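Me: Can you walk me through this one? I'd like the buried parts, the strand pairing and the confidence.

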Amino acid sequence: MDRTITVKGYGHASVRPDLIVVSMTLETENKDYGKTMELAAGKIELLNNSLEKIGFEKKSVKTTNFNVRTDYENVRDNKGNYKSVFKGYVCRHNLKVEFGFDTGLLAKVLSAVSECMAAPELSIAFTVKDPSFISEELLKSAAKNAKEKAEILTLASGVKLGELTSIDYNFGEINVYSDTDYKIGSRMMKAEACLNSVDVEPDDISVSDSATFVWEIL
């Protein structure tokens, strides 16, 4: 029977964010479906125009989610009974614009959006341009951790570590966003626009993962 040692290695990696993602949410409601779509398209055009004025390319705003639903409300009639009354169509549009880490440019974006009649709700996230780099560092760390533990165990057991025979790794999605949460309500946009810069130093992006390694024992 082959003798083996199985060790789970834990990897950790940390990197400073180098990309800012400004997410925007727009909602439009109207009793006419066509008018709802027309108004929604108009708001997106307003956003694009506002960002073009501060140097962004045309149509820099990208859609991340688009949803249209019907809206009803419960209304009591003259007999005291409730009935569902159609209010209109609601179009919810989630969008984003991203750019390299630059707090000065972030301030300009906030100012431009605050002056835009579309009046979206905003949230700001900090991430990295190349997620594959942090994934590679994470796996290297896990492999190193596993081998170090395997060498300690075999040495303490009076045997030698042989060849690596298998690696079991679950390729799950890694969260490559900083834990720093930066949100701005629509009512605060005008006040935010008065700032010349946004002094934000987000937390480093810290991730961890594991993989299982199997070696021969000599």
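**Notes on the model**

Reply: To start with one residue of this predicted model, threonine 36 counts as buried because its relative accessibility is 0%.

Me: Which helix does threonine 36 lie in?

Reply: Threonine 36 is part of helix α1.

Me: And what is threonine 36 in contact with, leaving aside neighbours within four places in sequence?

Reply: Thr28, Glu29, Asn30, Tyr89 and Cys91.

Me: Cysteine 91, then: buried or exposed?

Reply: Cysteine 91 is buried, as its relative accessible area is 1%.

Me: How far is its sulfur from the closest cysteine sulfur?

Reply: The distance is 15 Å, to the sulfur of cysteine 116. That is too far for a bond, because a disulfide needs the two sulfur atoms within 2.5 Å.

Me: What about cysteine 116, buried or exposed?

Reply: Cysteine 116 also counts as buried, at 6% relative accessibility. Its closest cysteine sulfur is the one in cysteine 91, at 15 Å, so there is no bond from this side either.

Me: So how many disulfides does the count come to?

Reply: The count is 0.

Me: Switching to the core. Which residues touch the most other members of the largest nonpolar core?

Reply: Val22, Met24, Leu47 and Ile124, out of 23 residues in that core.

Me: Which elements each supply at least two residues of this core?

Reply: Two helices and three strands do: α1 (33-52) and α2 (103-114), with β2 (19-30), β4 (82-100) and β5 (121-127).

Me: Strands next. In what sense do β1 and β8 pair?

Reply: Strand β1 (residues 4-15) pairs with strand β8 (residues 205-217) in the antiparallel sense, over 12 bridges. One of the residue pairs is valine 15 with isoleucine 205 in β8.

Me: How many bridges join β6 to β8?

Reply: 5 bridges, and these two strands run antiparallel. Isoleucine 217 in β8 stands opposite leucine 161.

Me: Where is confidence highest, and where lowest?

Reply: Strand β6 (residues 161-168) has the highest, with a mean of 94. The lowest is in helix α4 (residues 189-193), where the mean is 48.

Me: What happens over residues 191-196?

Reply: There pLDDT stays under 50, and the model has 8 contacts beyond four places in sequence for that stretch.

Me: And what is the mean pLDDT of the protein?

Reply: The mean is 87, and 92% of the residues reach 70 or more.

Methods. Residues numbered from 1 in each chain as written. Predicted model: local features only at pLDDT ≥ 70, side-chain atom pairs only at ≥ 80, totals over all residues. Heavy atoms only, no water. Core = buried A, V, L, I, M, F, W, Y, C linked by side-chain atoms within 4.5 Å. Buried < 20%, exposed > 50% of the residue type's maximum accessible area, 1.4 Å probe, protein only. Helix = DSSP H or I, 4+ residues; strand = E, 2+ residues; numbered from the N terminus. Contact = heavy atoms within 4.5 Å. pLDDT = per-residue confidence, 0-100. Pairing = 2+ DSSP bridges.
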